[in-house]
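Reader: I would like a close look at one part of this model, followed outward into its surroundings. Please take your time over it and tell me how that part sits among the rest.

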Amino acid sequence: MASEMLSYIDRPSPVHRLTGAAKLLCFLLWSSAAMLTYDTRVLLFLFAMAIVIFRISRIKWKEVSFVLIFILVFLLINNIAIYLFSPQEGVKIYGTRHVLLELGGRYDVTAEQLFYQFNITLKYFTVIPAALLFMVTTHPSEFAASLNRIGVSYRIAYAVSLALRYIPDIQREFRNISRAQQARGLDMSKKEKLHRRLKNAFSILAPLVLSSIDRIETITNAMELRGFGKKKRRTWYSARPFHKRDFLAVFLFALIFLASVLITFHDGRRFYNPFLP
Amino acid sequence: MKLKHWILAALFAAMIGVLAQVTIPLPLVPITGQTLAIGLCATILGSKLSTLAVVLYCLLGLAGAPVFANLHAGPSVLFGPTGGYIFGFIPTAYITGIILEKTSFRLPQALLANTAGMFIPLATGTVWLKWAADLEWDEALLSGFVPFLLPGILKAAIAAWLGIEVRKRLIQAKVLEETGAQG
């Protein structure tokens with residue numbers, strides 16, 4: 001991994017000013033809407049709106065481009081896999097069969113399959129910007145406060161926040177150990193024999209686990225000495241009260257969720273079918 | 001449960017998230033790190049802590065942190081066609097850990113426990129995939145079960161060997177208790 005995973009990017013934007021709890025609820029509603037529907041009209045609307053919200057946040061595409069490109073590569077692989085394993089899924093769903101390119105038997109390329117996979121791709125394009133946005137506009141400390149606010153025990157909420165903070169540390173550790181071992185002649189590439197490569201994997205994983213765990217005692221003692229866990233409840237330095245804009249945002253996203261469900265299922269099916277006359 | 005155990009679980013949740021993005025390039029069957037990390041976690045921590053770690057991992061991903069394989073995130077992954085595998089990791093961690101706790105934390109038992117645990121996400125994932133993606137059984141098995149058998153067994157062996165070694169050292173260093181981190 002040549003770059004850090006997503007981390008908080010501070011900006012004076014309306015998205016940043018929403019509380020983490022409100023953004024979490026909005027994100028869950030949004031993802032649920034994108035997950036439930038296969039209606040192309042709904043997906044296109046959600047995609048357009050994702051672009052608009054991204055613009056409002058003032059996060060630049062290049063700031064998240066590494067992760068975006070990585071995800072898009074696997075989206076491509078996913079689409080290829082869908083075609084390889086289930087090439088007539090679209091025909092089954094939409095009930096007609098318009099062959100565009102004959103490749104033989106079940107691997108004929110059909111308009112229905114392309115349309116189906118277009119919908120799958122739109123789902124990615126809808127959810128990915130929202131996920132990236134939530135991560136880069138919400139500070140980890142405030143994230144823990146948000147989880148606690150929606151009812152998660154503060155110990156669990158804090159553990160989630162800790163895990164979030166540990167991710168870049170472990171990444172850095174992994175990179176350092178990998179380079180140190182490579183400097184000693186360890187080779188993970190295809191040039192090495194199978195069993196040698198497996199042994200080399202051990203040489204990275206074992207010190208990664210041990211050095212990561214090395215800090216546990218220090219962190220445990222530091223937290224206990226500061227009184228963590230003594231009370232049933234706690235206050236949060238980073239917590240923010242709900243304002244009108246938070247209620248408004250959640251209400252708006254709830255409306256979008258309801259509308260997408262109604263539009264999608266009004267005729268009893270999840271799929272918008274342009275192939276029916 | 002002690003504070004130390006919460007922090008251990010959080011650390012392992014993060015580690016699963018990082019290792020899920022790592023691939024060891026082998027011919028024909030590249031080994032991805034996600035299931036390896038789950039097995040490693042269960043072998044090192046035992047049933048209770050590893051289950052907590054995996055639940056934390058799922059919470060991270062649910063909330064949008066890109067910790068699922070290939071930097072995926074969000075409820076659409078957990079509740080999409082491949083969500084069954086991720087939900088299956090929770091009982092995997094518990095069952096792998098409980099087998100080790102009922103027997104002993106040694107290599108032969110770890111191999112057995114990890115191999116048994118490895119089948120759980122394949123089973124839950126395949127059944128889930130069949131319903132979520134509206135596939136026939138043969139399609140679901142061919143795409144969601146069969147290709148993962150050989151890599152799964154290989155990963156079970158790696159997780160067993162490495163996990164036992166690491167756990168031994170952690171007990172020597174007093175980071176873990178001997179009986180499997182009882183709280």
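Author: B:Phe12 belongs to helix 1 of chain B, the helix formed by residues 3-19, in what is a predicted model. The residue has a relative accessibility of 2% and is therefore counted as buried, since the limit for that class is under 20%. Its surroundings come from both chains: leaving out residues up to four places away in sequence, B:Phe12 touches A:Val209 and A:Ile213 on one chain, and B:Cys41, B:Ile44, B:Leu45 and B:Ala53 on the other. Along the chain, B:Phe12 and B:Leu40 are 28 residues apart, yet 9.5 Å separates their C-alpha atoms.

Helix 1 of chain B can also be approached from the side of chain A, by way of A:Thr220. This residue lies in helix 10 of chain A, which covers residues 216-225, and among its contacts beyond four places in sequence are B:Leu3, B:Lys4 and B:Ile7. A:Thr220 has a relative accessible area of 4%, so it too is buried.

The chain that carries B:Phe12 has eight helices and two strands, and from the N terminus its elements follow the order α-β-β-α-α-α-α-α-α-α. Of its 183 residues, 61% count as buried. Its accessible surface amounts to about 6,600 Å², and carbon and sulfur atoms account for 70% of that area. When contacts in chain B between residues at least 6 apart in sequence are considered, 67% of them join residues at least 24 apart.

An unreviewed UniProt entry gives the annotation "transmembrane region" to residues 54-72, 78-99, 111-129 and 141-164 of chain B. Two of these spans can be described from the coordinates of the model. Residues 111-129 of chain B are 100% helix and 0% strand, with 27 Å between the C-alpha atoms at the two ends. For residues 141-164 of chain B, the end C-alpha atoms lie 32 Å apart, and the span is 83% helix and 0% strand.

Chain A, the partner that supplies A:Val209 and A:Ile213 to the surroundings of B:Phe12, contains 11 helices and two strands. Read along the sequence, its pattern is α-α-α-α-α-β-β-α-α-α-α-α-α. Of the 277 residues in chain A, 47% count as buried, and the chain exposes about 14,600 Å², of which carbon and sulfur atoms supply 64%. Among its contacts between residues at least 6 apart in sequence, 74% join residues at least 24 apart.

Three further residues of chain A show what surrounds buried positions elsewhere in the model. A:Ser13 is in the segment before helix 1 of chain A, and because its relative accessibility is 0%, it counts as buried. Beyond its sequence neighbours up to four places away, A:Ser13 touches A:Ile56, A:Ser57 and A:Arg58; the C-alpha atom of A:Ile59, 46 residues away along the chain, is 9.1 Å from that of A:Ser13.

A:Gln113 lies in helix 6 of chain A and, at 2% relative accessibility, is likewise counted as buried. Setting aside neighbours within four places in sequence, its contacts are A:Ile82, A:Tyr83, A:Ser86, A:Pro87, A:Gln88, A:Glu89 and A:Gly90. One of these partners, A:Ser86, is 27 residues from A:Gln113 along the chain, with 9.2 Å between the two C-alpha atoms. A:Ser161, in helix 8 of chain A (residues 154-183), has a relative accessible area of 1% and is therefore buried; apart from residues up to four places away in sequence, it touches A:Pro140, A:Ser141 and A:Ala144.

There is finally a pocket to place in this picture. The second largest pocket has a volume of about 540 Å³. It is lined by 22 residues, of which A:Val15, A:Leu18, A:Ile53, A:Ala249 and A:Phe253 are the closest to its centre. The elements that each give two or more residues to this lining are helix 1 (14-17), helix 2 (20-36), helix 3 (40-57), helix 6 (111-137) and helix 11 (244-265) of chain A. By residue class, the lining of the second largest pocket divides into 18 nonpolar, one polar and three charged residues.

How values were computed:
Residues numbered from 1 in each chain as written. Chains lettered and ligands numbered in written order. Predicted model: local features only at pLDDT ≥ 70, side-chain atom pairs only at ≥ 80, totals over all residues. Heavy atoms only, no water. Helix = DSSP H or I, 4+ residues; strand = E, 2+ residues; numbered from the N terminus. Buried < 20%, exposed > 50% of the residue type's maximum accessible area, 1.4 Å probe, protein only. Contact = heavy atoms within 4.5 Å. Areas by Shrake-Rupley, 256 points an atom, 1.4 Å probe, with all protein chains shown as cover. UniProt positions renumbered as here; feature names shortened; annotations may be inferred. 1 Å grid on protein atoms, 1.4 Å probe; cavity = no way out; pocket = protein on both sides within 12 Å on 5 of 7 lines; lining within 4 Å. Points joined across faces, edges and corners; volume = space filled by probe spheres on them. Nonpolar A, V, L, I, M, F, W, Y, C, P; charged D, E, K, R; others polar.
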